[in-house]
Amino acid sequence: MQKLPPLNAVKVFYVASQLKSFTKAAAKLHVTQGAVSRQIKLLEEWVGLPLFLRQHQELVLTAAGRAFADDVGKAFAHLEEGVRNLQPSRLHQRLLLNAPNTFASRWLAPKLWALHKKHGALDLRITTNLVSTAHQAQQYDCCIVFQSGPWLHGQCQLLYLEEHIVVASPQLLQAKRQIESGNATLLHLLNSDGSRLPVWDNWLIQSTHPPVDDYQAITFSTLDQAIHAAVAGAGVALVDRLMVQTELANGSLVRVDESTLVGPFGYWLVQTDRRAAESPVHDAMVKALHDWLLSQSTLALDNMAA
């Protein structure tokens with residue numbers, strides 16, 4: 001760190017520069033006018049330049065004084081912001097959560113009112129970036145990933161396994177027959193490596209229908225896109241039942257048959273240590289968020305089974 005000027009003298013200078021008066025500065029700082037004058041003289045000697053001019057009993061900043069006052073003002077503003085960021089009300093309750101796109105919009109977003117009812121001071125930042133390793137997950141306070149099992153490295157806790165059901169728009173009256181004959185248009189999802197998720201393959205194998213290559217196909221990057229396409233009548237989708245509760249309730253999607261394929265893909269809660277060591281209060285808030293997510297998952301599954 002480079003040598004700094006006397007910081008008390010800098011503070012006195014800044015107050016005087018704002019009030020344009022040593023007398024008013026002394027009153028605000030609860031010191032004598034002589035003390036203010038001595039601090040200003042000390043600072044001017046340190047910088048080697050006059051900072052004030054006294055003209056007709058008026059205190060005027062020199063050009064150097066004006067420039068220095070601007071810099072000091074910005075420095076004090078940064079310092080005040082830094083102090084505010086250290087306060088528990090700002091830092092310790094600000095959490096960064098990352099989740100898959102469809103999970104965030106269809107599962108998490110409708111439940112946020114309950115989270116804020118329980119933890120009203122929580123400042124939650126939600127992102128939907130692709131996370132494929134435990135190392136990438138560490139940049140978040142809380143991370144949810146979509147995969148077929150826990151990582152070998154890094155602690156993962158299962159929120160729930162997908163329960164896949166076949167759905168289509170009521171417009172597709174022949175959807176069931178088209179699947180049985182191999183004439184349906186199947187709506188697929190992309191894996192993170194660019195391949196198709198083998199969900200339809202697994203379902204067709206267990207249901208003894210023609211193999212997936214016998215069907216027409218449209219492939220999407222997110223489940224949300226596939227659901228919207230199914231609602232519009234573009235094809236038949238094999239989707240997680242929790243993600244289409246609204247569409248099933250309002251009739252914009254209907255189940256094509258009653259079979260269900262559980263897993264192997266699901267949503268996993270990753271344990272991270274992003275700022276746990278920095279603040280016990282922050283760590284407690286992260287744990288509270290984890291516990292809330294687990295409780296909401298259990299509640300959603302119980303409601304669906306009822």
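How are helix 1 and helix 3 oriented to each other? They are roughly perpendicular, and the close-ups below start from that pair. Keep in mind that this is a predicted model.

**View 1. Helix 1 crosses helix 3.** Here residues 7-19 form helix 1 and residues 33-47 form helix 3. The two pack at an angle of about 115 degrees, and their axes sit 9 Å apart. Angles of 65 to 115 degrees count as roughly perpendicular, so that is the label this pair gets. As for handedness, the crossing is left-handed.

**View 2. Side by side at the helix 1 and helix 3 contact.** Zoom in on the residues that touch: helix 1 brings Asn8, Ala9, Val10, Val12 and Phe13, while helix 3 answers with Val36, Gln39, Ile40 and Leu43. Sorted by class, seven of these contact residues are nonpolar and two are polar, with no charged ones.

**View 3. Into the largest pocket.** Now for some empty space: the largest pocket holds about 720 Å³. It is lined by 27 residues, and the ones closest to its centre are Pro100, Leu130, Phe146, Leu190 and Ser192.

**View 4. What the pocket lining is built from.** Three elements each put at least two residues into the lining of the largest pocket: helix 5 (101-108), strand 5 (142-147) and strand 11 (261-270). Strand 5 gives the most, with four residues. Which classes of residue make up this lining? The tally for the largest pocket is 14 nonpolar, 12 polar and one charged.

Technical notes
Residues are numbered from 1 along each chain as its sequence is written. This is a predicted model: local features need pLDDT of at least 70, side-chain atom pairs count only at pLDDT 80 or more; totals for chains, interfaces and linings use all residues. Side-chain values use heavy atoms; hydrogens and water are left out. Axes are lines fitted to C-alpha atoms, for helices over the stretch in contact, and angles run from 0 to 180 degrees between N-to-C directions. Angles under 35 degrees count as roughly parallel, over 145 as roughly antiparallel, 65 to 115 as roughly perpendicular and the rest as oblique. A crossing is left-handed if the near helix is turned anticlockwise from the far one by less than a right angle, and right-handed if clockwise. Contact means heavy atoms within 4.5 Å. Ala, Val, Leu, Ile, Met, Phe, Trp, Tyr, Cys and Pro count as nonpolar, Asp, Glu, Lys and Arg as charged, and the others, Gly among them, as polar. On a 1 Å grid over the protein atoms alone, a cavity is a set of points where a 1.4 Å probe fits but cannot get out, and a pocket is an open set with protein on both sides within 12 Å along at least five of seven lines; lining residues have an atom within 4 Å of a point. Grid points are joined across faces, edges and corners, and a volume is the space filled by probe spheres set on the points.
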